[in-house]
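Visitor: Could we go through this model together? I should like to begin with one residue and then move outward.

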Amino acid sequence: MRFRVAQPSGLENAQSPFRLVQANGREVEWANRFLDQQRIRSVAETTLRSYAYDLLHFLRWWVRVTHTTAITEKTLTESTLLDYIRFQTNQQPQPAAASINRRVGIAERALRLAFPHAQTPFVPGFQYGYWRPRPLGTGRPRPALSRVRVRTPKRVIVPLSAEEVAHFWSSFRTSRDLAIVGLMLLDGLRSCEVLALNRDDLLRSESQMRVCGKGNKLRWLPLAPETIQLLNHYLLLERPSNCGSPLFVVLKGRTRGGRMTAAGLRSLFRHHRRITDLPKANPHRFRHYAPSRTMPPHGVSTASCGTLA
């Protein structure tokens with residue numbers, strides 16, 4: 001039996017836009033019930049999409065091991081999650097420990113919601129006990145178990161050097177692409193925050209912009225003079241007319257004028273990583289460059305754009 005993540009139209013606002021369905025279109029009720037609950041909690045759509053694909057990964061493993069799509073309290077054993085961890089560890093290439101923990105955690109939460117009376121044994125080495133305080137601090141704390149997790153190594157994201165940033169920057173040729181990198185580099189924006197920007201979010205006269213971040217939290221950030229110059233050039237000369245509210249749109253092809261997608265941004269960075277031979281130049285690494293710098297690195301300027309030179 002094949003499964004996939006679908007995005008049907010005409011759903012209610014309380015329903016998750018991402019649904020787990022079988023090949024015949026029948027929904028996986030226990031998984032979609034969990035996704036709907038997260039939708040009601042106002043979880044971001046990008047997070048819901050991640051949850052859906054994590055559950056899809058678990059469901060495909062379950063069918064491969066048990067040869068059935070049915071999940072009941074009787075079929076869930078004490079070693080179910082441990083076997084799922086073992087399966088991921090044996091994959092080539094092996095997923096990161098953080099990815100394993102995320103998948104196992106989402107599967108555990110969804111199964112606990114669907115089957116609250118299923119066995120939840122203690123797994124030494126993968127869990128630990130702790131005292132959970134009562135609500136409002138009243139009463140004695142109660143014992144609790146952590147979720148099943150593998151040990152995660154500490155990671156420190158090392159930002160690119162000034163020379164690497166300048167080299168990567170010089171490979172772009174349009175003001176749109178330079179402005180995207182500039183917002184990540186100088187303001188620390190996430191890639192999804194850049195793509196979600198609208199024209200109304202820019203206050204160029206006041207050198208500010210409005211950003212909607214995680215949890216739909218709004219914040220105001222300053223705009224660097226270099227970024228304003230690039231945005232002005234992009235809006236006046238490159239951006240197609242009658243594009244609506246999106247700030248960054250597609251400039252070529254059949255979807256010209258539509259909002260730039262996450263897949264399009266990944267393709268853009270993938271292309272420039274290849275031509276500059278900088279495999280570590282990803283959007284997230286540019287975001288971590290901003291806190292340690294207040295001005296563009298040496299060699300990075302708007303004049304490096306061929307259209308502005």
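**A tryptophan and a pocket**

Guide: This is a predicted model. Beyond its neighbours within four places in sequence, W220 is in contact with L203, Q208, M209 and R210.

Visitor: Which element holds W220?

Guide: W220 lies in strand β7, which covers residues 218–222.

Visitor: Is W220 buried, partly exposed or exposed, and why?

Guide: W220 counts as partly exposed because its relative accessibility is 46%, and that class falls between the limits of 20% and 50%.

Visitor: What separates W220 from L202?

Guide: Their C-alpha atoms are 9.9 Å apart, with the two positions 18 residues apart along the chain.

Visitor: Turning to pockets, what volume does the largest one have?

Guide: The volume of the largest pocket is about 1,600 Å³. It is lined by 33 residues, of which T46, T47, S191, C192 and E193 are the closest to its centre. Two or more lining residues come from each of α2 (45–66), α7 (191–195), α9 (262–276) and α10 (283–287).

Visitor: Which element gives the most to that lining?

Guide: That is α2, with five residues.

Visitor: And how do the lining residues divide by character?

Guide: The lining of the largest pocket has 13 nonpolar, 11 polar and nine charged residues.

Visitor: Now the whole protein: how many helices and strands are there?

Guide: The protein has 10 helices and seven strands. Of its 309 residues, 42% are buried.

Visitor: What area does the protein expose?

Guide: About 18,400 Å² is exposed, and carbon and sulfur atoms supply 51% of that area.

Technical notes: Residues are numbered from 1 along each chain as its sequence is written. This is a predicted model: local features need pLDDT of at least 70, side-chain atom pairs count only at pLDDT 80 or more; totals for chains, interfaces and linings use all residues. Side-chain values use heavy atoms; hydrogens and water are left out. On a 1 Å grid over the protein atoms alone, a cavity is a set of points where a 1.4 Å probe fits but cannot get out, and a pocket is an open set with protein on both sides within 12 Å along at least five of seven lines; lining residues have an atom within 4 Å of a point. Grid points are joined across faces, edges and corners, and a volume is the space filled by probe spheres set on the points. Helices (H or I, at least four residues) and strands (E, at least two) are DSSP runs, numbered from the N terminus. Ala, Val, Leu, Ile, Met, Phe, Trp, Tyr, Cys and Pro count as nonpolar, Asp, Glu, Lys and Arg as charged, and the others, Gly among them, as polar. Buried means under 20% relative accessible area, exposed over 50%, partly exposed in between (1.4 Å probe, protein chains only). Contact means heavy atoms within 4.5 Å. Accessible areas come from the Shrake-Rupley method with a 1.4 Å probe; for residues, only the protein chains shown count as cover.
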